[in-house]
Amino acid sequence: MPQHILDFTDSVGFPFYAYATDQAVSIIRTWAEHPWPITLQEAYTLRDQCGWTGAPDDGRFFTTPVSNGEESGTIMIDTTDHNIVFGIGVRLTTRASLELASRSTIAIQSTYAAYRDILSKVYGPYDKEKNDSGTYVDWTLPSHTSLHLIATVTFVKVRIEAPFETDSMSQAIYYENKYGPTLP
């Protein structure tokens, strides 16, 4: 097993891997601190630098060294300009099946906490909320890039969004708070 991958297989009873904290933070910083906008070709280059493998039929979907061969990441493109990326989403751990989720809870929660704590040292305080599908923390960087670290019952993932997407979401939230869910 590569040094930058943690192997929880013995403790959970099935193949379960996570990026070591330093490696996860390096990957997150590679994307979050890259100058935006990011073209699709730049995104493919960043994907490859992270050691991810694009799907043969569409390189926007990819596997990672911790995904056990599943496509666990997505490069999300702008609907108006298919050459511009508005974000990425990628699992930082293996995805446990729901039947085995109780075995991986400790590994998922400890990995999530380690990522959250080191990212807080890098990016400062975070907003924390809990919802039905898991726990997540958010940061909005000075560049307006947004970072969402998410722990579900079956995996840990990160979602990073371009400044224009962060600003668009902030505007939508503003209008929903002002006018309610149905805009005038």
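Mentor: Quick term first: helices and strands here are DSSP runs, numbered from the N terminus, and a strand takes at least two residues. Also keep in mind that this is a predicted model.

Trainee: Okay, where does Pro 65 lie?

Mentor: Look at the two strands on either side of it. S5 covers 61–63 and S6 covers 73–77. Pro 65 sits in the stretch linking them, so by that DSSP assignment its place is the loop between S5 and S6.

Trainee: And is Pro 65 buried, partly exposed or exposed?

Mentor: Its relative accessible area is 37%. Buried would need under 20% and exposed over 50%. Because 37% falls in between, Pro 65 is partly exposed.

Trainee: Which residues does Pro 65 touch, leaving out those up to four places away in sequence?

Mentor: Cys 50 is 15 residues away in sequence, and its C-alpha is 9.5 Å from that of Pro 65. For actual contacts, go by heavy atoms within 4.5 Å. On that count, Pro 65 touches Ile 5, Gly 51, Trp 52 and Tyr 19.

Trainee: Which residues touch the most other members of the largest nonpolar core?

Mentor: That core has 47 residues. Two of the names you want, Tyr 19 and Trp 52, also touch Pro 65. The list is Tyr 19, Trp 52, Trp 31, Ile 160 and Leu 149.

Trainee: What about S7: in which sense does it pair with S6, and over how many bridges?

Mentor: S7 runs over residues 84–91, and eight of its eight residues are buried. S6 and S7 form a hairpin with six residues between them, and Gly 73 has Val 90 as its bridge partner in S7. The pairing is antiparallel, over five bridges.

Definitions and conventions: Residues numbered from 1 in each chain as written. Predicted model: local features only at pLDDT ≥ 70, side-chain atom pairs only at ≥ 80, totals over all residues. Heavy atoms only, no water. Core = buried A, V, L, I, M, F, W, Y, C linked by side-chain atoms within 4.5 Å. Buried < 20%, exposed > 50% of the residue type's maximum accessible area, 1.4 Å probe, protein only. Helix = DSSP H or I, 4+ residues; strand = E, 2+ residues; numbered from the N terminus. Pairing = 2+ DSSP bridges.
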